[in-house]
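Please read the following points alongside the sequence and the model; they concern buried acidic side chains, nonpolar packing and internal space.

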Amino acid sequence: MERGTGAGGDARRRVAPDPLARGVIRVLHVLPPPDGTTQYVDHMIGSATPDVRILTFTWWRAIFGSYDVLHVHWPEFLVRQRTALGRAVKLLLAWLLLLRIELTETPVVRTAHNLTPHESGDRVEHAFLAALARRTELWIRLNPTTPLPLGVRTATIPHGHYRSVFPPDPGTAAEPGRLVQFGLVRRYKGIERLLEVFASIQDPGLRLTIAGRPQDDALAAHVARAAAADPRVTARLEFVPDADLAREVRRAELVVLPYLQMHNSGAALLALSLDRPVLVPRSEATDALAREVGEGWVIMFDGTLQRGDLLRALAAARLVRERGVPPHLDDRDWDLVGIRHAEAYRRVARTVGRLP
């Protein structure tokens, strides 16, 4: 996969001093530079068209640097910090950034990754997010079911697949009875309920792997206790490198993502990219994903995960893999994603007179 090549996250160095004179748009993403692991920023850089120059985020660049479009992802992280002092500094910088884009009339594009932040913020955070939303020229949604503020300009650009990141590995096959849940271990992902349901199924042929860094020590301890009490459960409570993660997913018959709510899920897309069916909660978004990728690949449950949901999903997963028809992900090719983003940037740049 392509990664950034310029110092400080600049993805394309062969650019004229005056980019807009040649029709090149400089886009500052509120994302850190690549760090050698697969993250959303890698996709933004790797899929960028030649007429888009990607810059990654530093506060200095955001407030004093030169760019034509600000592209915001997960804006709450602009103001969140563990310590009170750190948060005060971030709030000051965030309002300075807002002032800068107001004064320079820099258009803001925002990708709505989630319906709401996974952890709620306070009134000060809400005030900043509301001010940023008022300054946003274009909202990008990752699926057509995402509700957005009334009257705003929108574009729908599906999240790209991961097939180019994880090429085929014929040597790793699905193991009967193996389930996996992966990604950051957070409460909204239903980890505790999954462990409870799995423990209720007295089948020695089933195995469950939980792989990912925990949200906090209390949740880590809960998962570790469940693994210690049941030899069928394996807990890998740490950051899992890409190659190991792909191997864990490919060894599974079924990827279980029993989130309390699901709207967009990179984990579901990664599983489907590796040709593994997923069990997810039913929602408008997961219904749409199921229709897109083809029969059987997205298995849904209603309400709270139950024992029968897990057993039914495992049986369905075996049937879909026996059919041998991979999930349909053509509309999520990253070349298409890059072209669609370039069109969105040109759209807002023309609105404010930055392009003819």
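1. Leaving aside its neighbours within four places in sequence, Glu 253 is in contact (heavy atoms within 4.5 Å) with Ala 174, Glu 175, Pro 176, Gly 177, Arg 178, Pro 277, Leu 314, Ala 317, Arg 318 and Arg 321. Glu 253 is found in the loop between H7 and strand S10 (254–256), where helices (H or I, at least four residues) and strands (E, at least two) are DSSP runs numbered from the N terminus. Its side chain makes a polar contact with the side chain of Arg 318 at 3.0 Å; such a contact is a pair of N or O atoms within 3.5 Å, of which, within protein, one must be able to donate a hydrogen and the other to accept it, and residues adjacent in sequence count only if both atoms are side-chain atoms. Glu 253 is buried, with a relative accessible area of 9%, buried meaning under 20% with a 1.4 Å probe and protein chains only.

2. This is a predicted model, in which local features need pLDDT of at least 70 and side-chain atom pairs count only at pLDDT 80 or more, while totals for chains, interfaces and linings use all residues. Residues are numbered from 1 along each chain as its sequence is written, and side-chain values use heavy atoms, with hydrogens and water left out.

3. Asp 309, in helix H10 (residues 307–323), is also buried, with a relative accessible area of 13%. Outside its neighbours within four places in sequence, Asp 309 is in contact with Leu 279, Phe 301 and Thr 304. The C-alpha atoms of Asp 309 and Leu 279 are separated by 8.6 Å, although the two residues lie 30 residues apart along the chain.

4. The largest nonpolar core (buried Ala, Val, Leu, Ile, Met, Phe, Trp, Tyr and Cys residues joined through side-chain atoms within 4.5 Å) has 33 residues, of which Phe 182, Val 255, Leu 257, Leu 270, Leu 272 and Val 298 touch the most other members. Among the elements that give two or more residues to this core are strand S7 (178–182) and helix H8 (266–273), and H8 provides the largest share, 6 residues.

5. Leaving aside neighbours within four places in sequence, the contacts of Val 255 include Val 180, Phe 182, Ala 271 and Leu 279. Leu 279 itself is listed, with Leu 179, Val 185 and Val 233, in a second, separate core of 25 residues.

Technical notes. Buried < 20%, exposed > 50% of the residue type's maximum accessible area, 1.4 Å probe, protein only.
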